[in-house]
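Subject: Structure for you to look at

Dear colleague,

I am handing over the structure below, and after it you will find a careful account of what was found. Please keep it open while you read.

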Amino acid sequence: MERKELTCIGCPMGCQITVELEHGEILSVKGNTCAIGDKYARNEVLHPERTVTSTVVVDGGDKPRVSVKTAGNIPKDRIFDCMKEIDAVRVQAPVRIGDVMIENVVDSGVNVVATRNISAVG
Amino acid sequence: MISYDIVIIGGGPAGLAAAVSAREAGVDKILILERDKELGGILNQCIHNGFGLHTFKEELTGPEYAWRFIEKVLEAKIEYRLDTMVMDISEDRVVTAMSKNDGMYQIKAGAVILAMGCRERPRGALNIPGYRPAGIFSAGTAQRLVNIEGYMPGREVVILGSGDIGLIMARRMTLEGAKVKVVAELLPYSGGLKRNIVQCLDDFGIPLKLSHTVVDIEGREHVSAVTIAAVDENRKPIPGTEERYTCDTLLLSCGLIPENELSKKAGVEMSRITSGPVVNESLETNVPGIFACGNVLHVHDLVDYVSEEAQRAGANAAKFVLAGGTEAPKGHVVELKAESGARYTVPSTIDIDRMDDLLTVRFRVGDVYKDSYVSVYFDDERVMHNKKRILAPGEMEQIILQKKKLAEIKDLKTITIKIEAE
């Protein structure tokens, strides 16, 4: 049997939750004090996911970098691989919010998109 | 002298929302003065997501949230001037501004909305001993360098203070390849959101040391090491608990202070608790026609609440201007008080005759309270008693007052918010 300890992010209580697992199946969730905690713990243990935000270098723009995000969540253990792909990209101005910077980042089915507008200059 | 109906000082989330709502309320000549080279304020460097859940029912990044409001300002053709620093506001609402292109000039304002935001508490205000080398940044400065300019302040980082910006920067610098060695927090709890502690520190194995502070900074030219130590209940370092971390960067995330130099010059009365103006139910200061909203009024944790508050300030400033710049006659004024655990309220007074049907009163608590009650007293009578599983200084609280309930009590003098154990 495997035990995982986590802090609930549902509210400022920050309940310390213990999840017991066996062969990838959840046996018990303990320590939470409401239903939000139970749901959070189950998701977090079986499919932890995060949105990644960073910046991408822009050529010919009114700013040197454009902020970007993964348009949805990606698996938590792929965050650093995602950062590597983001760091390897260079784009040409202009850029509009929502423009796709990377398609299907780390084979997650999720695109990396721009989160601000950059005008072309010069 | 040029004149505008409403001059808004600051083009961040508060100024933008105030401008849009003043225009919607029917005011034509509105001017936003912004000292940066673009609108949007600090949101532009907050590239992480989590903004806008209340306002737009979706999670946006800072720049996206800002753009939603910038777009409205552009569509409404509201005038704004960038790279413009406001130098002075007089009691009769003459705004003195300065820019590279236009030099120094004055604007006569029908109403002024203060929306200057806040500033980070600097090292000088923290009494940290040690050398004063390069490599010490406020977390927000580091955020601007990394996210806007594209520079890394350093590679090995210690962070003092666990405010949200510090937590966000711990993750941001880790993602960019830095090693964040520790986050030290003077208080026995973090002022940051639980979500940020989990997703910015725990996710990357960054230790958070509560009840710890920096006791020494080494390095003559550049930071070379930082020593932290545990503190006792009086926040004094405990000898023998020192731990030394070699590093090239120290980030400070030790609180935000409303930026009110201009307000003070205009004769605006300030609250010693919030460091922001004292305002009435219309978010108007003691100087008629000068309104305040956003982080210059009191530091918020959610931008959604800033926008909502600023919309009210904009609508009230519009009402003032459209009434010819005169005050509506004073009605039945009630004082708001914060006691036993509650630290302050915004607003500080309510004119029952002038208030809207519903009024949101925001406040903060001074400590962590579990299973306690937020109680509201009309004079000596308790009229609200809401159980809260947790109250924390980092989370702004609110109550909603109904005009008709207040009007029922003839001689009501004081409304008091208290935190009670039962």
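Is the crossing of helix 5 of chain B and helix 6 of chain B left-handed or right-handed? The crossing is left-handed, a word used when the near helix is turned anticlockwise from the far one by less than a right angle, with clockwise giving right-handed.

Before going further, please note that this is a predicted model, in which local features need pLDDT of at least 70, side-chain atom pairs count only at pLDDT 80 or more, and totals for chains, interfaces and linings use all residues. Residues are numbered from 1 along each chain as its sequence is written, while chains are lettered from A and ligands numbered from 1 in the order in which they are written.

Helix 5 (residues 164–175) and helix 6 (residues 194–201) of chain B (helices being DSSP runs of H or I with at least four residues, strands runs of E with at least two, numbered from the N terminus) pack at an angle of about 20 degrees with their axes 8 Å apart, the axes being lines fitted to C-alpha atoms over the stretch in contact and the angles running from 0 to 180 degrees between N-to-C directions. That makes helix 5 of chain B roughly parallel to helix 6 of chain B, since angles under 35 degrees count as such.

In chain A, three strands form an open, antiparallel sheet in the order 1-2-3, where pairing requires at least two DSSP bridges. The edge strands, strand 1 (2–7) and strand 3 (25–30) of chain A, each pair on one side only. Strand 2 (residues 16–22) of chain A pairs with strand 3 of chain A over five bridges.

Best wishes

Methods:
Parallel < 35°, antiparallel > 145°, perpendicular 65-115°, else oblique.
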